[in-house]
Amino acid sequence: MIRHAADSKNLTVSIFFDFTKVGNVEHRILIEKLRDLKFSCSALRLICDYLNGRRQTVKDPVTGDISSEITITRGVPQSSVLGSLLFILYLNDFSHLQLNCNCKYSFYAHDLLIYTHTEPKNLFHKLCK
């Protein structure tokens with residue numbers, strides 16, 4: 001698509017978002033969204049068990065000191081298949097948003113690209129509507 005716009009001598013204006021802070025996922029909201037997606041009660045209980053009661057420590061890469069253990073009450077486990085899937089499902093309803101800029105978007109895992117194509121002469125007008 002971008003290549004086609006460039007071949008047509010159009011510009012592509014894009015904004016990239018990286019939602020790597022999966023720690024902001026609220027478990028209650030995630031479970032509600034999964035319920036809306038028709039997850040079974042047993043699957044929801046399994047996911048609740050997976051998310052609740054997790055504990056973690058952090059190691060300082062410079063000093064090697066290890067923090068005290070804390071209970072995690074938000075977020076999904078990073079670098080796990082299920083954690084990544086739950087994060088995608090948490091943001092799944094993003095596709096229902098109406099963008100008011102004739103923009104398109106591409107959403108994958110925790111990355112979002114919003115973009116639009118325009119002729120160079122219309123760039124300022126299109127961005128400042």
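A residue counts as buried when its relative accessible area is under 20%.

**Figure 1. Overview of the predicted model of the protein chain.** By the buried criterion, 24% of the 129 residues of the protein chain qualify. The chain holds five helices and five strands, and their order along the sequence is α-β-α-α-β-β-α-β-β-α. Among contacts between residues at least 6 apart in sequence, 57% join residues at least 24 apart. A search of the whole structure for aromatic pairs returns zero.

**Figure 2. Close-up of the contact between helix α2 and helix α4.** Two packed helices are described by the angle between their axes and the distance between the axes. Helix α2 spans residues 27–36 and helix α4 spans residues 81–90; their axes come within 9 Å and cross at roughly 75°. Because angles of 65 to 115 degrees count as roughly perpendicular, α2 is classed as roughly perpendicular to α4. On the α2 side the contact is made by I29, L30, K33 and L34, and on the α4 side by L86, L89 and Y90. By residue class, the contact of α2 with α4 comprises six nonpolar residues, no polar residues and one charged residue.

**Figure 3. Close-up of K33, Y90 and N92.** Both K33 of α2 and Y90 of α4 take part in the contact of the two helices. K33 lies over the face of Y90, and its distance from the ring centre is 4.6 Å. N92 belongs to the loop between α4 and β4, the latter covering residues 104–108. With a relative accessible area of 36%, N92 is partly exposed. The C-alpha atoms of N92 and K33 are 8.8 Å apart in space, while the two residues are 59 residues apart in sequence.

**Figure 4. Close-up of L113 in strand β5.** Strand β5 runs over residues 111–118 and includes L113. Is L113 buried or exposed? L113 has a relative accessible area of 16%, so it counts as buried. Leaving aside residues up to four places away in sequence, L113 touches S14, I15, F16, K104, Y105 and S106. L113 and D18 are 95 residues apart in sequence, with a C-alpha to C-alpha distance of 8.9 Å.

**Figure 5. Close-up of V13 in strand β1.** V13 is part of strand β1, which covers residues 11–18. Its relative accessibility is 24%, so V13 counts as partly exposed. H117 is 104 residues from V13 along the chain, and the C-alpha atoms of the two are separated by 6.3 Å.

**Figure 6. Close-up of two loop residues with positive phi, K9 and K38.** Most residues other than glycine have a negative phi. For K9, phi is positive, near 65°. K9 sits in the loop between α1 (2–7) and β1, and a relative accessible area of 67% makes K9 exposed. For K38, phi is also positive, near 70°. The loop that holds K38 lies between α2 and α3 (41–51). K38 is exposed as well, its relative accessible area being 72%.

Technical notes. Residues are numbered from 1 along each chain as its sequence is written. This is a predicted model: local features need pLDDT of at least 70, side-chain atom pairs count only at pLDDT 80 or more; totals for chains, interfaces and linings use all residues. Side-chain values use heavy atoms; hydrogens and water are left out. Helices (H or I, at least four residues) and strands (E, at least two) are DSSP runs, numbered from the N terminus. Buried means under 20% relative accessible area, exposed over 50%, partly exposed in between (1.4 Å probe, protein chains only). Axes are lines fitted to C-alpha atoms, for helices over the stretch in contact, and angles run from 0 to 180 degrees between N-to-C directions. Angles under 35 degrees count as roughly parallel, over 145 as roughly antiparallel, 65 to 115 as roughly perpendicular and the rest as oblique. Contact means heavy atoms within 4.5 Å. Ala, Val, Leu, Ile, Met, Phe, Trp, Tyr, Cys and Pro count as nonpolar, Asp, Glu, Lys and Arg as charged, and the others, Gly among them, as polar. Rings of Phe, Tyr and Trp (its six-membered ring) pair if their centres lie within 6.5 Å; planes under 30 degrees apart count as stacked, over 60 as edge-to-face and the rest as tilted. A charge sits over a ring if NZ of Lys or CZ of Arg is within 6 Å of the ring centre and within 35 degrees of the ring normal.
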